[in-house]
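Trainee: Could you take me closely through the empty space in this model, starting with its largest pocket and setting the other spaces beside it?

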Amino acid sequence: MYNTIISSKNLKNILEDKDVIIFDCRFNLFDKNLGYKNYLKSHIKNSYYINLESDLSSTVNEHTGRHPLQDILIFSDILNFYGITSNTQIVVYDDENNSIGARLWWMLKSVGLTKCAVLDGGYKSWQSKENPISTIIPENKEKKNNIYTYDRKYIVDTNELKNKLKNDLIYLVDARDPERFAGKVEFLDKKAGHIPGAINIPFKKNIDQEGKFKSKDELLKIYEHIHNDSQKSIVNMCGSGVTACHNILAMNYCGLRNSSIYVGSWSAWSSYEDNPVKVGL
């Protein structure tokens with residue numbers, strides 16, 4: 001079973017297994033059709049396409065953030081449509097540091113599907129080794145009728161976050177780049193800066209120059225200090241609840257305890273006029 005990271009070599013070895021389902025999660029925030037276009041041009045053999053906004057996110061409202069969690073009934077229908085069961089080994093990938101793949105990984109984990117792994121290095125790494133690619137959209141497996149629910153221990157909303165911060169109960173980890181965290185730039189959301197009390201651990205610290213995850217020892221050095229304090233839980237955030245999942249994946253990969261995510265993240269927090277904002281580090 002692979003439940004965090006899988007290498008291209010190991011995926012190749014199980015590529016034709018009947019209980020393996022692969023999802024291509026490529027997506028570009030500024031050209032929202034590009035991921036699917038690239039999927040049609042070529043993708044890992046036997047993989048299906050999943051769209052960040054239509055499949056993994058629900059309708060955006062004033063205070064939801066840019067990528068609110070998909071309605072559980074719709075997400076359940078998606079999982080059942082592809083014939084997923086608790087025995088299915090799921091593999092996900094994208095071509096952007098695996099941040100979008102990590103979002104699907106985390107959503108699957110939050111509904112109890114733990115046999116899911118993110119392809120280390122993503123599609124670029126797979127292609128570089130001349131592994132099997134295809135332009136064929138595979139046929140679906142037998143449709144299922146399973147019932148799923150989100151485990152609320154993995155999810156924090158804006159009001160819960162305010163209470164946890166007020167009572168000093170958490171480490172709030174912001175996965176955005178330092179420039180956005182400090183409020184030097186902001187090209188997506190209404191305000192620049194970060195939530196007072198948050199600490200900045202950019203998700204890009206998790207990967208090396210080839211886009212692969214660093215060793216477990218290297219990742220432990222990044223995160224161990226916030227896990228040593230067992231009195232506080234860890235809440236992850238980013239711009240819209242996507243790259244924060246990358247930090248959770250990295251923590252799980254190196255054996256650290258589970259943590260939750262503020263799905264609305266900065267895009268939800270900054271949508272409220274009276275929410276406090278800090279600029280600078």
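Mentor: What follows goes through the largest pocket, then the second largest pocket, and then the enclosed space. Please keep in mind that this is a predicted model, and that the volumes and linings below are computed from it.

The largest pocket has a volume of about 590 Å³, and its lining is made up of 26 residues, among which L29, S99, L188, F203 and T243 lie nearest the centre. Two elements, α4 (99-110) and α7 (178-181), are the ones that give two or more residues to this lining. Sorted by class, the lining of the largest pocket holds twelve nonpolar residues together with seven polar and seven charged ones.

The second largest pocket takes in about 210 Å³ of space and is lined by 13 residues, with I155, V156, D157, V263 and G264 nearest its centre. The lining of this second pocket divides by class into seven nonpolar, four polar and two charged residues.

Turning from pockets to enclosed space, a search of the whole structure gives one cavity of 30 Å³ or more, and the volume of the largest cavity is about 40 Å³. Around that cavity stand F23, I50, L56, F75, I78, L79, Y82, I84 and L104, a lining that consists of nine nonpolar residues, with no polar and no charged ones. Helix α3 (residues 72-81) provides the largest share of the cavity lining, namely three residues.

Technical notes: Residues numbered from 1 in each chain as written. Predicted model: local features only at pLDDT ≥ 70, side-chain atom pairs only at ≥ 80, totals over all residues. Heavy atoms only, no water. 1 Å grid on protein atoms, 1.4 Å probe; cavity = no way out; pocket = protein on both sides within 12 Å on 5 of 7 lines; lining within 4 Å. Points joined across faces, edges and corners; volume = space filled by probe spheres on them. Helix = DSSP H or I, 4+ residues; strand = E, 2+ residues; numbered from the N terminus. Nonpolar A, V, L, I, M, F, W, Y, C, P; charged D, E, K, R; others polar.
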